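Please look at the residues around the ligand and at the nonpolar interior of the protein, and work through the questions that follow.

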Amino acid sequence: MNFKEKKVLITGGSSGIGKVIIAELVSLGTKHIAVVGRDPKKFEQLRMEFTDISFLFFEGNVAELDIIKQISAEIQSKWAGLDILINNAGVVSAGKLEDISDEDIIAQQNINVTGLILLTKYCLPLLKLSSEAAIINVSSGLGIIGLPFYAPYAATKAAVRQFSEAVRRELQDYPIHVMTVYPTATDTPMMTTANTSNMDTAEAVAKSTIEGLQKKSIDVFRGGEQMLNNRILNFQNPLEYDEKVKGMYEAMSKRASQHRAM
Ligand SMILES: NC(=O)c1ccc[n+]([C@@H]2O[C@H](COP(=O)([O-])OP(=O)(O)OC[C@H]3O[C@@H](n4cnc5c(N)ncnc54)[C@H](OP(=O)(O)O)[C@@H]3O)[C@@H](O)[C@H]2O)c1
C-alpha cells in the first residue's frame, strides 16, 4: 500500500495507540489525516508535533450521530473521498458487573460499538470511491477471551470482532480491506488507572497495525505465543481455561478495581 496519497480518518488519534499510528503513517508519507476526539487541547499537541500534516479535526463524541454525519459530510466536501478509516477510539469501565454504573455500561456500548458501526456506515460511500481502501477496527484481547471484571467492555470488543468479519465478507466486491487489531494490555493513558505492569507499548501495537495493513492481514493479534496458546485453549477447552482464570482471579480483581477511562 502506498501511504503517501492516502486520506486517513482515525478516531481517538489524539492519544495512546491512535497517536502512535498517526506517527507511523506520517513516517510513511501520509499527509492528509482527519482525527476525531472530544478534547481539542489534544489536537493542538498533534498540530505542534506533526507540523507537515494537513489535519482535519473533528471535536466531539464518536457515539453521536450528528457528529458522525458532520464528519462524513465534511470529508466528502474537503477530500471528495476516503482511503483508510481507523476505528480506534475506545473507553473502558471495569469492576464487578453490579458495581459498574448503568451510564458507563451504556456509554461503553455507544462509543466502542454503536459509534464505530455508524461511522463505518457513513464512511462507506467515501471508501467505495477509493481504488485501494481499508477499514481498521481496534478490538482487544478481551474481545476474544472474556475475563472477569471486564464483562461490558469485553462484550463491546467481541462485537467489534464480529462486525469486522461480517463487513469484510459483505464488501467482497470492493477493494476495501477490513482488518481487526487485538491489543493486549498496552501502556497508554487508558491504562493509567489499571493496576497492572508488563504492558505492551503503543509503539509496538501501532507498528504491527501498519505492518498488518501492508500484508493485508485480516487480524493483528498482540500478546505473542502466550496469547495464542490461551486463545487455542479457550476455544478448544473453555472449562480448562476457566481453571486457569481461577489462578488469576485476585490479580484481575486488583487490576480492575480502579480501572476507568471514560
Ligand atoms: N491500552 C490498552 O491496554 C488497550 C488494550 C486493548 C485494546 N485497546 C483499545 O485500543 C484503542 C485505543 O486505546 P488507547 O489505549 O490508545 O486509549 P487512550 O490513550 O485512552 O486513547 C483513547 C482515544 O480515544 C478518544 N476517545 C475516547 N472516547 C471518545 C469518544 N466518545 N469520541 C471520540 N473520541 C473518543 C480519546 O480522545 P478524547 O478523550 O479527547 O475523546 C483518545 O484519543 C481503544 O479502542 C481501546 O479499547 C487498548
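Q: Into how many nonpolar, polar and charged residues does the shell around the ligand divide?
A: In this predicted model, 31 residues surround the ligand, and Ser 15, Arg 38, Tyr 153, Thr 186 and Thr 188 are the closest. Sorted by residue class, the shell divides into 13 nonpolar, 14 polar and four charged residues.

Q: Which residue has a side-chain N or O atom 2.7 Å from an oxygen atom of the ligand?
A: Gly 12 approaches through its backbone, where an N or O atom lies 3.4 Å from an oxygen atom of the ligand. For Lys 42, a polar side-chain atom lies 3.0 Å from a ligand oxygen. The side-chain N or O atom that lies 2.7 Å from an oxygen atom of the ligand belongs to Ser 15.

Q: What percentage of the area that the ligand exposes when taken alone does the protein bury?
A: A polar side-chain atom of Lys 42 is placed 3.0 Å from an oxygen atom of the ligand. Taken alone, the ligand exposes 890 Å², and the share of this area buried by the protein is 95%.

Q: Which element gives the most residues to the largest nonpolar core?
A: This core has 29 residues, and Leu 9, Ile 75, Leu 82, Leu 127 and Ile 135 touch the most other members. Among the elements that give two or more residues to this core are β2, α3 (65-79), α4 (102-127) and β6 (133-138). With seven residues, the element that gives the most is α4.

Notes. Residues are numbered from 1 along each chain as its sequence is written. This is a predicted model: local features need pLDDT of at least 70, side-chain atom pairs count only at pLDDT 80 or more; totals for chains, interfaces and linings use all residues. Side-chain values use heavy atoms; hydrogens and water are left out. A residue is near a molecule or strand if one of its heavy atoms lies within 4 Å of it. A polar contact is a pair of N or O atoms within 3.5 Å; within protein, one must be able to donate a hydrogen and the other to accept it, and residues adjacent in sequence count only if both atoms are side-chain atoms. Accessible areas come from the Shrake-Rupley method with a 1.4 Å probe; for residues, only the protein chains shown count as cover. Ala, Val, Leu, Ile, Met, Phe, Trp, Tyr, Cys and Pro count as nonpolar, Asp, Glu, Lys and Arg as charged, and the others, Gly among them, as polar. A nonpolar core is a set of buried Ala, Val, Leu, Ile, Met, Phe, Trp, Tyr and Cys residues joined through side-chain atoms within 4.5 Å. Buried means under 20% relative accessible area, exposed over 50%, partly exposed in between (1.4 Å probe, protein chains only). Helices (H or I, at least four residues) and strands (E, at least two) are DSSP runs, numbered from the N terminus.
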